[in-house]
Amino acid sequence: MTIFSKIVAGEIPSYKCAESDNFYAFLDINPLAKGHTLVIPKREVDYFFDLTDREIAEMQVFAKHVAQAIKQVCPCIKVGQAVLGLEVPHAHIHLVPMQSEGDLNFANAKLQLAPEEMQEIANKISASFHA
Ligand code: AMP
């Protein structure tokens, strides 16, 4: 079971932003920017491009709605999207609010936000999320 499957199962806490039958979104614990969110399929698949065509299509639409909620909550020019997957072997899309191109550089220092602020951001994204 991956760490992200344990999050979906509620065995590990997360700052939940949105959920559907097949997908789950939660704040990245080491955010590049306030509102940096991960979107994952509940089905455990390591490599993003091993997901089925249908899963990728549905996941991208789910991520779109999460990104729209993030944009309402976190002031930014656009929400950027990236797929890396070099650290956690459970497919995920990063959604990062951007003020500039450099905000999507994963070599950047990560923000350290208080748990209360992380929870507040997640609550706001969750309240703005509409499937
Ligand atoms: P990567 O697999 O390279 O796309 O990176 C995995 C991402 O997952 C990193 O940005 C981590 O900060 C994030 N991450 C790892 N564990 C957790 C967790 N328990 N909760 C939230 N985010 C996590």
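**Close-up views of the ligand site and His94**

**View 1. The shell around the ligand.** Helix α1 gives the largest share of the shell around the ligand, three residues. The model shown is predicted. The space that the ligand takes is the largest pocket. Two elements, α1 (3-8) and β2 (23-27), each give two or more residues to the shell around the ligand.

**View 2. Residues that come nearest to the ligand.** There are 16 residues around the ligand, and those that come nearest are Asp28, Glu87, Val88, His92 and His94.

**View 3. Polar atoms facing the oxygen atoms of the ligand.** In the side chain of His92, an N or O atom is 2.6 Å from an oxygen atom of the ligand. For His94, a polar side-chain atom lies 2.8 Å from an oxygen atom of the ligand. Val88 takes part through its backbone, where a polar atom is 2.9 Å from an oxygen atom of the ligand. On its own the ligand has 510 Å² of accessible area, and the protein covers 88% of this.

**View 4. His94 and its surroundings in the protein.** His94 is placed in strand β5, which spans residues 93-98. His94 counts as buried because its relative accessibility is 7%, under the cut-off of 20%. The side chain of His94 is joined to that of His36 by a polar contact of 2.9 Å. Beyond the neighbours within four places in sequence, the residues in contact with His94 are Asp28, His36, Thr37, Leu38, Gly80, Gln81, Ala82, Leu84 and Phe106. Of these contacts of His94, Asp28 is also listed among the residues that come nearest to the ligand.

Technical notes
Residues are numbered from 1 along each chain as its sequence is written. This is a predicted model: local features need pLDDT of at least 70, side-chain atom pairs count only at pLDDT 80 or more; totals for chains, interfaces and linings use all residues. Side-chain values use heavy atoms; hydrogens and water are left out. Helices (H or I, at least four residues) and strands (E, at least two) are DSSP runs, numbered from the N terminus. Buried means under 20% relative accessible area, exposed over 50%, partly exposed in between (1.4 Å probe, protein chains only). A polar contact is a pair of N or O atoms within 3.5 Å; within protein, one must be able to donate a hydrogen and the other to accept it, and residues adjacent in sequence count only if both atoms are side-chain atoms. Contact means heavy atoms within 4.5 Å. A residue is near a molecule or strand if one of its heavy atoms lies within 4 Å of it. Accessible areas come from the Shrake-Rupley method with a 1.4 Å probe; for residues, only the protein chains shown count as cover. On a 1 Å grid over the protein atoms alone, a cavity is a set of points where a 1.4 Å probe fits but cannot get out, and a pocket is an open set with protein on both sides within 12 Å along at least five of seven lines; lining residues have an atom within 4 Å of a point. A molecule sits in a cavity or pocket if more than half of its atoms lie within 2 Å of its grid points.
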